[in-house]
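Please look at the sequence and the 3D structure below before reading on. The report then goes through some of the details in turn.

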Amino acid sequence: MQSPPRPPTYALQEIVQLSRAFERHLGQQLTVNATDLAAMEHLIRSGPLGPGELARRLGITPPAVTAAVDRLEDLGHVTREPNPADRRAIVVTPAPESAEKAMSILMPMIGDIDSTLDGFDTDEQATIAAYLERVVEAYRAHIPS
């Protein structure tokens, strides 16, 4: 018989739930749905992307990414620009103001999370990092590639 999960496992479950709630909050602040928020995250992190690459990263169809880009463009979150590498194609570029707004919401939370490590010595931080890296590996092992 499997033993019940330990407190850190429950804490991780709560972190996942809180992360989803924070993403909903961020989406509300930017007036976008979950798919559009995920698209913005990729664009902010990676810079301009072609619609095909954005669809691949999001795991959605080309028509669905076109609809998402249309919504984001209508809201002023992105622009479509000629692809400098292929003048027949376009890239989707995040609007600087939207990226700044998203980061102004994200960075205080990220900073608060990062500062929690200040209460741990170097060895404890290394143990925490090793634990979380193993958790990431466990998650990846259960997601079909």
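The sections below cover confidence, pockets, one helix, two loop residues and three buried residues.

## Model and confidence

This structure is a predicted model. The average pLDDT of the chain is 96, and 100% of the residues score at least 70. pLDDT is the predictor's confidence in each residue, on a scale from 0 to 100. Confidence is highest in helix H4 (residues 62-74), with a mean of 98. Strand E2 (residues 86-94) has the lowest confidence, with a mean of 94.

## The largest pocket

The largest pocket holds about 910 Å³ of space. It is lined by 21 residues, and those closest to its centre are Leu 12, Ile 15, Val 16, Ser 19 and Ile 113. Three helices give two or more residues to this lining: H1 (7-30), H5 (96-115) and H6 (122-141).

Which helix gives the most to the lining of the largest pocket? H1 does, with 10 residues. Sorted by class, the lining of the largest pocket has 17 nonpolar residues, 2 polar residues and 2 charged residues.

## The second largest pocket

The volume of the second largest pocket is about 310 Å³. Its lining has 16 residues. Leu 37, Ala 38, Glu 41, His 42 and Arg 45 are the closest to the centre of this pocket.

At least two lining residues of the second largest pocket come from each of H1, helix H2 (34-46), helix H3 (51-58) and H5. H2 gives the most, with 8 residues. By class, this lining has 11 nonpolar, 2 polar and 3 charged residues.

## The two sides of helix H3

Which residues of H3 are buried? They are Leu 54, Ala 55 and Leu 58. These buried residues are on the same side of H3, because they cover an arc of only 100 degrees around the axis. On the other side of H3, Gly 52 and Arg 56 are exposed.

The buried residues of H3 are covered by parts of the structure that include H2 and H4.

## Two loop residues with positive phi

Gly 59 comes just after H3 and has a positive phi of about 70 degrees. It sits in the loop between H3 and H4. Is Gly 59 buried or exposed? Gly 59 has a relative accessible area of 64%, so it counts as exposed, the cut-off being over 50%. Gly 59 and Thr 35 are 24 residues apart in sequence, and their C-alpha atoms are 10.0 Å apart in space.

Thr 31 is not a glycine, yet it has a positive phi of about 55 degrees. Most residues other than glycine have a negative phi. Thr 31 lies in the loop between H1 and H2. With a relative accessible area of 54%, Thr 31 is exposed.

## Three buried residues in helices

Leu 26 belongs to helix H1. Its relative accessibility is 2%, so Leu 26 counts as buried; the cut-off is under 20%. Leaving aside neighbours within four places in sequence, Leu 26 is in contact with Leu 37, Ala 102, Ile 105 and Leu 106. Leu 26 and Met 103 are 77 residues apart along the chain, and 9.9 Å separates their C-alpha atoms.

Asp 36 is in helix H2. Is Asp 36 buried or exposed? Asp 36 is buried, with a relative accessible area of 2%. Not counting residues up to four places away in sequence, Asp 36 touches Ala 68, Arg 71 and Leu 72. Ser 98, in helix H5, also counts as buried, at 8% relative accessibility. With residues up to four places away again left out, Ser 98 touches Leu 30, Met 40, Gly 76 and His 77. The C-alpha atoms of Ser 98 and Val 78 are 8.0 Å apart in space, while the two residues are 20 apart in sequence.

Notes
Residues are numbered from 1 along each chain as its sequence is written. This is a predicted model: local features need pLDDT of at least 70, side-chain atom pairs count only at pLDDT 80 or more; totals for chains, interfaces and linings use all residues. Side-chain values use heavy atoms; hydrogens and water are left out. On a 1 Å grid over the protein atoms alone, a cavity is a set of points where a 1.4 Å probe fits but cannot get out, and a pocket is an open set with protein on both sides within 12 Å along at least five of seven lines; lining residues have an atom within 4 Å of a point. Grid points are joined across faces, edges and corners, and a volume is the space filled by probe spheres set on the points. Helices (H or I, at least four residues) and strands (E, at least two) are DSSP runs, numbered from the N terminus. Ala, Val, Leu, Ile, Met, Phe, Trp, Tyr, Cys and Pro count as nonpolar, Asp, Glu, Lys and Arg as charged, and the others, Gly among them, as polar. Buried means under 20% relative accessible area, exposed over 50%, partly exposed in between (1.4 Å probe, protein chains only). The arc is that of the directions from the helix axis to the C-beta atoms. Contact means heavy atoms within 4.5 Å.
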